[in-house]
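User: I should like to learn how to read the features of a protein model. Please guide me.

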Amino acid sequence: MQNHKKGTGKTSRRGFLGQALTATGAAIAAPSLLEQANTAKATAQSSGDEMSVSLNVNGKLQTLSIEPRVTLLDALRDRLGLVGSKKGCDRGQCGACTVLIEGERVYSCLTLAIMQEGKEIVTIEGLAKGDTLHPMQAAFIDNDGFQCGYCTPGQICASVALVNEVKRGCASVVTPDLSSPPQLAELSSVEIKERLSGNLCRCSAYNGIVASVQQVAGQKPPSPVATVLVRETEELPT
């Protein structure tokens, strides 16, 4: 019994080293873990806070107080009341939310509003000049480029960007000669369809959309009246 008591009171060399290493490790890790915890807490608290953002939308400076996670589409629709840009898939797959940022087409559902501060944003509401429609808007009316109209704002914005891209000499994946991009006057329907392939029309008004771009490009679009060929069927013998 006496030997047992004496044994329990002794600390072996291995035990001492283990305790020392444990204490040292805790002393080293504690500040790091504490700092990480404080950082995570601060991030969690700030993520829900709103911040002031100034957006140049359709020529007007709009100051909003929004959370950093708010998309441009939600800011336009829910905060500014510009509901022309539609929320279709909300995943950048349909193009119904297309707007122009610095003259280039952008899916507004895929970009944060705070990322567009200081940039020129144009929505479908900003294309017309008062009561005068933008040429692309007028062309969509002339050529029946829309049916239900849900995708039309995005289609028009994308078409406006398409014309500007061709003017700048931008090529597409179907451009035969990359060193000689097509001009507006010679822009083929294949080029137009490819360049607008990111915008879907559930009503399939694609022919009218292509014709609208052709009209703005200075070409003569096909007649909106469909040509129907009817062939009498031969009477089968009985």
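Analyst: Just after helix 4, Asp144 adopts a positive phi of about 50°. Helices (H or I, at least four residues) and strands (E, at least two) are DSSP runs numbered from the N terminus. The model is predicted: local features need pLDDT of at least 70, side-chain atom pairs count only at pLDDT 80 or more, and totals for chains, interfaces and linings use all residues. Residues are numbered from 1 along each chain as its sequence is written, and side-chain values use heavy atoms, with hydrogens and water left out.

User: Which residues of helix 4 are buried?

Analyst: An α-helix has 3.6 residues a turn, so residues three or four places apart point the same way. In helix 4 (residues 135–142), Met136, Gln137, Ala139 and Phe140 are buried (under 20% relative accessible area, 1.4 Å probe, protein chains only). Viewed down the axis, these buried residues fall within an arc of 160°, taken from the directions from the helix axis to the C-beta atoms, so they line one face of helix 4. They pack against helix 5 and helix 7 (206–216), where contact means heavy atoms within 4.5 Å.

User: How many bridges join strand 3 to strand 4?

Analyst: Two strands pair if DSSP finds at least two bridges between them. Four bridges join strand 3 to strand 4 (residues 104–107), and the two run antiparallel. Leu100 has Arg105 of strand 4 as its bridge partner, and Leu100 also stands opposite Val122 in strand 5. Two residues separate strands 3 and 4 in their hairpin, where Glu102 in the turn has a positive phi of about 55°.

How values were computed. Buried means under 20% relative accessible area, exposed over 50%, partly exposed in between (1.4 Å probe, protein chains only).
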